[in-house]
Amino acid sequence: PASERSSASGLSWLGFAFTVGVSAVLAVVWTAWPPSDPPAGYSLAVVGVAVAAVVEAAAEPVVVESLIDLEFTRRASAEGVANLLRSAAAFAVAVAGFDGVASFTVGQLVFAVVWSSSYFVVRRPGPRQSVDAKHLAVFWQFSGMAFQKAVLQEGEKVLLLAFFSQEDWGVFALVTNVGSLVLRLLFAPVEEIAYSAFGKLPPDAAPFQLLAPLLALQGSIGWTAAWFGPPLATSGIFVLYGPTWAASAAPQALGAYCVLLLALALNGVLEACMHSRASAEWLRRAQASQLQASAVLVAASSGLAFLGAGPSSLVWGNAASMLVRAWVCIQFLAHEPVPVPWDKLLKSLASPELRRVAGALAIAGIVVRLLLTFVVTHRPDIKAVAAQVLVAGCGFLIAAGLCRRDIMTIASTVTCRRSD
């Protein structure tokens with residue numbers, strides 16, 4: 001309805017005002033109390049990043065209206081061009097002889113300007129309207145959840161300081177940076193599309209016709225990473241960071257992160273469905289489940305670290321935490337909008353095509369892992385890396401070829417649901 005659309009547009013202006021306030025406060029605090037040995041241009045970099053955040057947030061009302069109209073291609077193209085130009089600008093500044101702080105700041109400013117301009121060129125934000133009380137209540141509830149989530153995520157740093165060495169800190173940072181590429185480039189766009197699409201469904205409509213293909217799409221990526229990622233982790237670290245890191249605990253941590261990607265893939269789509277359709281009561285349950293998930297993270301990570309699992313223990317703890325959050329979403333699906341028997345729920349989420357694709361990939365992953373045991377991986381070289389990639393690539397292509405019709409069915413279903 002037009003009233004809800006105008007209310008959502010007005011709410012996005014509130015988010016912009018919040019960004020301006022937080023950016024200003026943080027800029028003042030970080031420049032007034034800098035670190036003990038700040039790099040050259042530190043204060044200017046802080047101000048530049050704050051300005052970039054405000055410029056990016058200025059386009060939020062237009063972005064919200066675009067998502068309401070289901071204009072997903074514009075977001076994908078805008079983000080792709082902005083990321084490309086950010087990388088080019090940061091590289092040019094670094095080549096010109098400036099330090100990393102300057103290149104990062106310039107890259108952030110370029111991204112913000114290109115991102116916002118790509119939306120303002122094609123449309124203008126609507127007039128600022130009053131915000132519906134229901135939308136405002138949801139806004140504060142989601143803001144509380146986001147703040148709670150941010151605070152709980154900082155607990156990872158406390159765990160790193162308490163149970164791990166400085167070398168483990170570097171390993172964990174390296175692995176999470178590599179894994180976050182998949183989250184930003186593949187998972188985040190799918191989850192944003194899913195959130196907008198689920199929000200368009202009538203409140204009393206079952207979401208399974210849309211949820212099942214999205215789970216199949218993103219879950220297949222995570223499932224492939226879980227089976228093919230661990231045996232190729234050493235080669236991946238060797239190619240990206242060299243033999244020194246390949247001989248550290250980084251391959252084991254990256255292999256664990258590949259399994260974590262499966263949990264993140266499932267939880268991302270499930271939470272998009274729940275957050276876009278849940279009542280205030282279910283949102284409170286989700287907020288409480290974040291505390292439970294954080295407790296599981298601390299317990300699992302601490303226990304595995306005590307057993308000597310190294311930085312991989314924190315990755316496995318995150319996987320267990322994601323499963324707790326996904327379980328809450330599954331409970332929501334089983335009860336809202338009407339109770340659904342568990343057997344029907346599982347059949348609705350896992351189509352026969354998806355089960356066949358998952359089975360073929362699992363068998364191929366097991367065979368590839370067995371074959372790769374004959375390739376020396378503890379001291380990789382270019383020949384060993386090439387052999388591993390060849391074996392894994394052939395296994396994946398054979399599995400995909402055997403179930404190509406099922407893959408095409410899943411892809412066509414996703415396309416049809418998106419057009420609907």
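This note goes through the side-chain contacts, one helix and the main nonpolar core of a predicted model.

1. **Salt bridge.** Side chains of opposite charge can pair when their charged atoms come close. The model holds 1 salt bridge. Its partners are Glu271 and Arg325, with the closest N and O atoms 2.9 Å apart. Glu271 belongs to helix H11 (residues 250–277) and Arg325 to helix H13 (residues 312–335), so the pair ties together parts that are 54 residues apart in sequence.

2. **Setting of the salt bridge.** Are its partners buried or exposed? Glu271 is buried, at 12% relative accessibility. Arg325 is buried too, with a relative accessible area of 9%.

3. **Cysteines.** A disulfide is a covalent bond between the sulfur atoms of two cysteines. How many does the model hold? The count is 0 disulfides. Take Cys329: the closest cysteine sulfur is that of Cys273, and at 8.1 Å it is too far for a bond. The cut-off for a disulfide is 2.5 Å between the sulfur atoms. Cys329 is buried, with a relative accessible area of 1%. Cys403 also counts as buried, at 5% relative accessibility.

4. **A stacked aromatic pair.** A pair of aromatic rings is described by the distance of the centres and the angle of the planes. The model has 4 aromatic pairs. In one of them, Phe111 and Trp115 have ring centres 6.3 Å apart and planes at 5°, so the pair is stacked. Planes under 30 degrees apart count as stacked. Both residues sit in helix H5 (residues 100–120), 4 residues apart, which is about one helical turn. Phe111 is buried at 8% relative accessibility. Trp115 is buried at 5%.

5. **An edge-to-face pair.** Trp223 and Trp227 also form an aromatic pair. Here the centres are 5.8 Å apart and the planes meet at 70°, making the pair edge-to-face. The spacing is again 4 residues, or about one helical turn, within helix H9 (residues 208–241). An α-helix has 3.6 residues a turn, so residues three or four places apart point the same way. Trp223 is partly exposed, with a relative accessible area of 26%. Trp227 is partly exposed as well, at 24%.

6. **Charges over rings.** Which ring lies under the charged end of Arg86? The ring is that of Phe111, and its centre is 4.3 Å away. Phe111 thus appears in this contact and in the stacked pair with Trp115. The charged end of Arg285 sits over the ring of Trp282, 4.3 Å from the ring centre.

7. **Helix H12.** This helix covers residues 280–306, 27 residues in total. From first C-alpha to last, H12 reaches 39 Å, close to the 39 Å expected at 1.5 Å a residue. Its buried residues include Trp282, Leu283, Ala286, Ser289 and Gln290. Further along, Ala293, Ser294, Leu297, Ser301, Ser302 and Ala305 are also buried. Gly308 follows H12 and has a positive phi, near 90°.

8. **Nonpolar core.** The largest nonpolar core has 32 residues. Which of them have the most contacts inside it? They are Val175, Tyr257, Leu260, Leu264 and Leu314. Helix H7 (155–163), helix H8 (166–200), H9, H11, H12 and H13 each give two or more residues to this core. H11 provides the largest share, 11 residues. H11 also carries Glu271 of the salt bridge, and H13 carries Arg325.

Conventions:
Residues numbered from 1 in each chain as written. Predicted model: local features only at pLDDT ≥ 70, side-chain atom pairs only at ≥ 80, totals over all residues. Heavy atoms only, no water. Salt bridge = Lys/Arg side-chain N within 4 Å of Asp/Glu carboxyl O. Buried < 20%, exposed > 50% of the residue type's maximum accessible area, 1.4 Å probe, protein only. Phe/Tyr/Trp six-rings, centres within 6.5 Å; stacked < 30°, edge-to-face > 60°. Lys NZ or Arg CZ within 6 Å of the ring centre and 35° of its normal. Expected span 1.5 Å × (residues − 1). Core = buried A, V, L, I, M, F, W, Y, C linked by side-chain atoms within 4.5 Å.
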